[in-house]
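Work through the exercises below with the model open. Try each task before reading its solution.

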Amino acid sequence: PANKRWERSGVWWCGAEAGLADLALEVVAWFERPEVTNSFQNLREQCGGDMYKFFAEVVPWSTTEMAKVTESRGFPPTQQGVIHFMSLAESYKGQDHELDHALNKVKSYFTQPHH
């Protein structure tokens, strides 16, 4: 179908790897929007090296931002929906270079920078 949606089984209706790679790239593009990038950088800076603050503030913010994109493909706009998408995408790790690259970028929005 033109509007790709997930079935209850979690199987993509037309090409899981390509659909997941496309969605991961859409997430990366969302996070690269200047207003989103600025908000993300500000939050990270406010946390400094405080891991607890990072997980309390940045991770929920990143999850909310990511859900704005994944919802368009039928994932619930919740933490569980984001986790479902990431789990499905991870299941194709090593099978699609574009998906692997996009997933690594997406994961960077949920991890602290190394100092």
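A residue is buried when its relative accessible area is under 20%, and exposed when that area is over 50%. The model used here is predicted.

**Exercise 1. Which residues of α5 are buried?**

Step 1. Locate the helix: α5 spans residues 97-107.
Step 2. Apply the cut-off of under 20%. Leu99, Asp100, Ala102, Leu103 and Val106 pass as the buried residues of α5.
Step 3. Recall the helix geometry. An α-helix has 3.6 residues a turn, so residues three or four places apart point the same way.
Step 4. Look at the start of α5. There, a side-chain oxygen of Asp96 comes to within 2.9 Å of the backbone nitrogen of Glu98.

**Exercise 2. Describe the overall fold and the largest nonpolar core.**

Step 1. Take the secondary structure: the protein chain has 5 helices and 0 strands. Its pattern along the sequence is α-α-α-α-α.
Step 2. Check burial. Of the 115 residues in the protein chain, 38% are buried.
Step 3. Find the core. The largest nonpolar core has 30 residues, and Phe31, Met66, Phe85, Met86, Leu99 and Val106 have the most contacts inside it. At least two residues of this core come from each of α1, α2, α3, α4 and α5.
Step 4. Zoom in on Met86. Beyond residues up to four places away in sequence, Met86 touches Met66, Leu103, Val106 and Lys107.
Step 5. Consider sequence separation. Among contacts between residues at least 6 apart in sequence, 60% join residues at least 24 apart.

**Exercise 3. Tyr52 and Thr63 both need a label: buried or exposed?**

Step 1. Place them. Tyr52 lies in helix α3, residues 51-70. Thr63 is in helix α3 too.
Step 2. Classify Tyr52. Its relative accessibility is 68%, so Tyr52 counts as exposed.
Step 3. Classify Thr63. Its relative accessibility is 11%, so Thr63 counts as buried.
Step 4. Add the surroundings. Tyr52 forms a nonpolar surface patch with Met51 and Phe55, with about 380 Å² of accessible area together. Setting aside neighbours within four places in sequence, Thr63 contacts Gln79, Val82 and Phe110.

**Exercise 4. Where is Arg73 found, and which side chain does a polar contact join to that of Arg73?**

Step 1. Place Arg73: the loop between α3 and α4.
Step 2. Classify Arg73. Its relative accessibility is 12%, so Arg73 counts as buried.
Step 3. Find the partner. A 2.3 Å polar contact joins the side chains of Arg73 and Glu26.
Step 4. Check the backbone. The C-alpha atoms of Arg73 and Leu20 are separated by 9.7 Å, although these residues are 53 residues apart along the chain.

Definitions and conventions: Residues numbered from 1 in each chain as written. Predicted model: local features only at pLDDT ≥ 70, side-chain atom pairs only at ≥ 80, totals over all residues. Heavy atoms only, no water. Patch = residues over 30% accessible without salt bridge, like charges linked within 9 Å, V, L, I, M, F, W, Y side chains within 5 Å. Areas by Shrake-Rupley, 256 points an atom, 1.4 Å probe, with all protein chains shown as cover. Salt bridge = Lys/Arg side-chain N within 4 Å of Asp/Glu carboxyl O. Helix = DSSP H or I, 4+ residues; strand = E, 2+ residues; numbered from the N terminus. Buried < 20%, exposed > 50% of the residue type's maximum accessible area, 1.4 Å probe, protein only. Polar contact = N/O pair within 3.5 Å; in protein donor to acceptor, adjacent residues only side chain to side chain. Core = buried A, V, L, I, M, F, W, Y, C linked by side-chain atoms within 4.5 Å. Contact = heavy atoms within 4.5 Å.
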